[in-house]
Structures are given as structure tokens and as C-alpha cells.
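Please find below a colleague's note on the model, set out as numbered points. The remarks keep to positions, contacts and accessibility.

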Amino acid sequence: MVGTGRKKSIAFFIALGVGMISVAILLYVGWVLLNWRTGILLFLGVILLAVIIAGVVLNTTFLVREIRRNEQHDAFINAMTHELKTPVASIRLYAETLQARSLTDDKRKEFCGIILADCDRLLGSIEQILRTGRLGSSSRKPNLAHLDLRELVTECVVRARFLHKLSAEEMVYQEGPPLEILADADEVRAAVANLIDNAVKFSGKAVQIEVTARAEEGRFARVRVRDAGSGIAKPELKRIFRRFYRVGGAEAARVKGTGLGLYIVRSVARRHSGRAWAESEGPGLGSTFILQFPLSKTGAK
Ligand code: ADP
């Protein structure tokens with residue numbers, strides 16, 4: 001309901017903008033026909049008209065952008081409520097069962113395992129929100145130090161294989177030579193972990209991921225995370241890095257999330273004079289995410 005209401009108001013504002021521009025052009029043509037001799041007035045009129053048209057275009061763009069942003073905020077609140085509520089409900093249920101019944105040791109261990117996994121999920125979501133706030137505030141500068149990106153990627157791969165129970169064939173990674181960059185280890189770790197977690201999340205059942213970290217073009221350290229998962233349509237490749245943005249459709253409904261992960265990745269890249277971008281041949285054809293940092297002067301050879 002809210003969605004169709006918003007779509008209607010977007011259509012209304014666009015129609016309003018187009019209508020106003022048409023009226024202005026009509027006025028202009030009439031005015032020129034009547035006053036073609038008065039040169040200065042004509043000149044002023046042209047400038048004023050250009051100002052009016054630019055104002056209307058700006059106004060329309062602004063309104064549409066604001067409405068879209070509101071829509072994303074709503075989607076974020078919904079997704080976040082779900083992300084916070086589901087694990088809490090599950091923890092409560094298992095804790096009540098543990099309290100009310102006498103269970104075998106195996107069952108108790110299993111339930112405790114589920115509770116711990118839900119706690120991790122909850123902590124993960126809270127950490128994403130806090131990190132988004134930190135990255136958004138300009139007063140928080142990254143804590144820069146010389147570090148080996150290769151070591152950090154290895155650490156993230158080992159963590160992901162363990163966490164998602166993946167074999168070395170499912171998540172292929174070969175450690176290369178050292179890659180020295182000047183960066184905030186905590187931020188870079190969060191960015192790489194987000195890319196790897198997304199690759200797992202959007203892979204479905206058959207996980208086939210390849211992670212590489214190497215020096216390219218003599219001055220960049222690039223981390224590539226390639227998956228054979230759901231892929232991304234061309235028009236979405238840039239949008240997915242926006243805050244709160246999630247691609248709609250069946251895949252988004254199946255895979256839960258907040259739309260903050262890639263925003264964090266892009267913010268971290270930018271704070272380190274780097275870049276992050278995505279490549280994909282299209283839906284169903286897998287995707288590759290690239291995170292690039294400048295090699296530090298002592299590291300670039
Ligand atoms: P979330 O994963 O919480 O939805 P992200 O910011 O991490 O938020 O991702 C934004 C969107 O980008 C996702 O909803 C998904 O549509 C798309 N996306 C991210 N990573 C991948 C991937 N590896 N394969 C396909 N789509 C992806």
C-alpha cells in the first residue's frame with residue numbers, strides 16, 4: 001500500500017515538473033513572438049527562463065530523491081526489526097525450553113549452540129549499525145598503520161570457512177606475496193569480511209567462491225571475491241553500494257539483510273583513497289566484488 005502511494009506521488013511530481021516546463025516554454029515562445037524587437041528584454045527573458053527551468057528540474061529531482069530515500073528508510077526499519085527480533089525470539093524459545101524441561105546432554109548442547117549462533121547474529125547486526133554510524137561521522141578518522149593486506153584476507157577466509165562450514169574447494173584461496181598498505185586494520189577487516197559473507201549468502205546451496213588478494217598495475221592492492229551465485233543485473237551494480245539499498249525480488253526475500261554491508265565496504269574504501277565496485281554478467285551468472293587500496297610507498301615495488 002505504502003509502495004503504491006509513493007509510486008503515485010513520484011509520478012505526480014514528475015508530471016508536475018514536466019507540466020511546468022511545458023508552460024514555461026509556451027510562455028517563452030509567445031513572449032518572443034510578441035517582443036522580438038526588444039533585445040535586452042529578450043536576453044533577460046532567456047536568462048530568467050533558464051533559471052525557472054533549472055529550478056523546476058532541480059526541485060523535481062530533489063523530491064523524487066527524497067521520496068526514494070524515505071522508501072529505503074522504511075525498508076531498512078523493516079529489515080532491521082526482523083534482524084533484531086528473529087534471533088531474540090529464538091533465544092527466548094530455546095532458553096524457555098532449557099528451563100522448563102529436563103533434556104539429554106546432547107539436546108542441551110544443541111540448544112546452547114543455537115542460542116550462541118543467534119547471539120552472534122544479533123551482535124553482527126548491532127555491529128553493522130554502529131560501524132555505519134562511525135564511518136558516517138567525519139570526526140572519526142581511520143586509525144592508520146602499515147599492514148599486510150594478504151595476512152588480513154587469509155584471516156577472513158579462515159574465519160569464513162569455519163563459520164559457514166566450507167571446504168577449501170568451496171572457498172578457494174591461495175595466499176600470495178605480502179601486500180603492504182597503510183590502513184585501519186579493523187575497518188579493512190570488516191569490509192573484506194562483508195564481501196566474503198555476501199558471497200556465501202548469495203550463493204545458495206552450491207557454494208563456489210574464489211578469493212584473491214594481489215598487487216595490480218604496480219600501485220594497487222586488490223581483493224577480489226568471486227561467486228557463482230545469484231548475480232546482479234547491470235542497472236543494480238552501482239546502486240547496491242548505497243546505504244540501506246537492497247535489490248528487490250525473490251532473492252532479497254530469501255536472503256535476510258540490512259542493506260548496510262556494501263555501504264560499509266564502499267565507505268571503508270573511500271576513507272583509504274581506494275575504490276570498491278561490482279561486476280556481474282547478470283542475474284544467475286555470479287558476481288565479482290573488487291576492493292582496491294593504494295599500495296603503501298614502501299610496499300609498492
Ligand atoms: P544486505 O546483504 O544486508 O542486503 P548489502 O549492502 O551487503 O546488504 O548488499 C546490498 C545488496 O546487494 C543485496 O541485498 C544484494 O541484492 C546485492 N548483493 C550483495 N552481494 C551480492 C552477491 N555476492 N551476489 C549477488 N548480489 C549481491
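Where is the place of Lys 165?

1. Lys 165 lies in the loop that runs between helix 4 and strand 2 (171–173), and, as everywhere in this note, the position is that of a predicted model. The phi of Lys 165 is near 50 degrees, which is a positive value in a residue other than glycine. With a relative accessibility of 72%, Lys 165 counts as exposed.

2. A second loop residue can be read in the same manner. Glu 217 sits in the loop between strand 4 (209–216) and strand 5 (220–227), and its phi, near 55 degrees, is again positive in a residue other than glycine. Glu 217 is exposed, since its relative accessible area is 56% and the cut-off for that class is over 50%.

3. The residue preceding that loop position belongs to an ion pair. Glu 216 and Arg 224 form a salt bridge in which the closest N and O atoms are 3.0 Å apart. Glu 216 counts as buried at 14% relative accessibility, whereas Arg 224, with a relative accessible area of 22%, is partly exposed. Arg 224 also appears among the contacts of Val 211 that remain once neighbours within four places in sequence are left aside.

4. The count of salt bridges in the model comes to 17, and one of them is formed by Asp 197 and Arg 159, with the closest N and O atoms 3.3 Å apart. This pair links distant parts of the chain, for Asp 197 is in helix 5 and Arg 159 is in helix 4 (residues 149–163), 38 residues apart. Asp 197 is buried, with a relative accessible area of 18%, while Arg 159 is partly exposed, with a value of 34%.

5. A further salt bridge joins Glu 127 to Arg 134, where the closest N and O atoms are 3.2 Å apart. Here both partners fall in the intermediate class: Glu 127 is partly exposed, with a relative accessible area of 33%, and Arg 134 counts as partly exposed at 27% relative accessibility. Glu 127, Arg 131, Arg 134 and Asp 186 are joined into one network by salt bridges that share partners.

6. Gln 128 is found in helix 3 (residues 105–136). It is buried, because its relative accessible area of 19% falls under the 20% cut-off. The side chain of Gln 128 is joined to that of Asn 194 by a polar contact of 3.5 Å. Apart from neighbours within four places in sequence, Gln 128 is in contact with Asn 194, Thr 258, Leu 260, Gly 261 and Ile 264, and two of these names, Gly 261 and Ile 264, return in the list of buried residues of helix 8.

7. Helix 8 (residues 261–271) is mostly covered, eight of its eleven residues being buried. Those residues are Gly 261, Leu 262, Tyr 263, Ile 264, Val 265, Ser 267, Val 268 and Ala 269. Their cover includes helix 3, helix 5, strand 6 (275–280) and strand 7 (287–294). Just after helix 8, Ser 273 takes a positive phi of about 55 degrees.

8. Which residues touch the most other members of the largest nonpolar core? Of the 45 residues in that core, they are Leu 149, Val 153, Met 171, Ile 196, Val 211 and Leu 291. Helix 5 (residues 185–201) supplies the largest share of this core, namely eight residues. Taking Val 211 as an example, and leaving aside its neighbours within four places in sequence, its contacts include Val 153, Met 171 and Ile 196, together with Val 157, Val 172, Tyr 173, Gln 174 and Val 225.

9. Nonpolar side chains are also found on the surface. Ile 40, Leu 41, Phe 43, Leu 44, Ile 47 and Val 51 form a nonpolar patch there, with about 620 Å² of accessible area together. Of these, Val 51 has its place in helix 2 (residues 39–100), and at 52% relative accessibility this valine counts as exposed, because the cut-off for that class is over 50%.

Definitions and conventions: Residues are numbered from 1 along each chain as its sequence is written. This is a predicted model: local features need pLDDT of at least 70, side-chain atom pairs count only at pLDDT 80 or more; totals for chains, interfaces and linings use all residues. Side-chain values use heavy atoms; hydrogens and water are left out. Helices (H or I, at least four residues) and strands (E, at least two) are DSSP runs, numbered from the N terminus. Buried means under 20% relative accessible area, exposed over 50%, partly exposed in between (1.4 Å probe, protein chains only). A polar contact is a pair of N or O atoms within 3.5 Å; within protein, one must be able to donate a hydrogen and the other to accept it, and residues adjacent in sequence count only if both atoms are side-chain atoms. Contact means heavy atoms within 4.5 Å. Patches are made of residues with over 30% relative accessible area and no salt bridge: like charges are joined within 9 Å, nonpolar side chains (Val, Leu, Ile, Met, Phe, Trp, Tyr) within 5 Å. Accessible areas come from the Shrake-Rupley method with a 1.4 Å probe; for residues, only the protein chains shown count as cover. A salt bridge is a side-chain nitrogen of Lys or Arg within 4 Å of a carboxyl oxygen of Asp or Glu. A nonpolar core is a set of buried Ala, Val, Leu, Ile, Met, Phe, Trp, Tyr and Cys residues joined through side-chain atoms within 4.5 Å.
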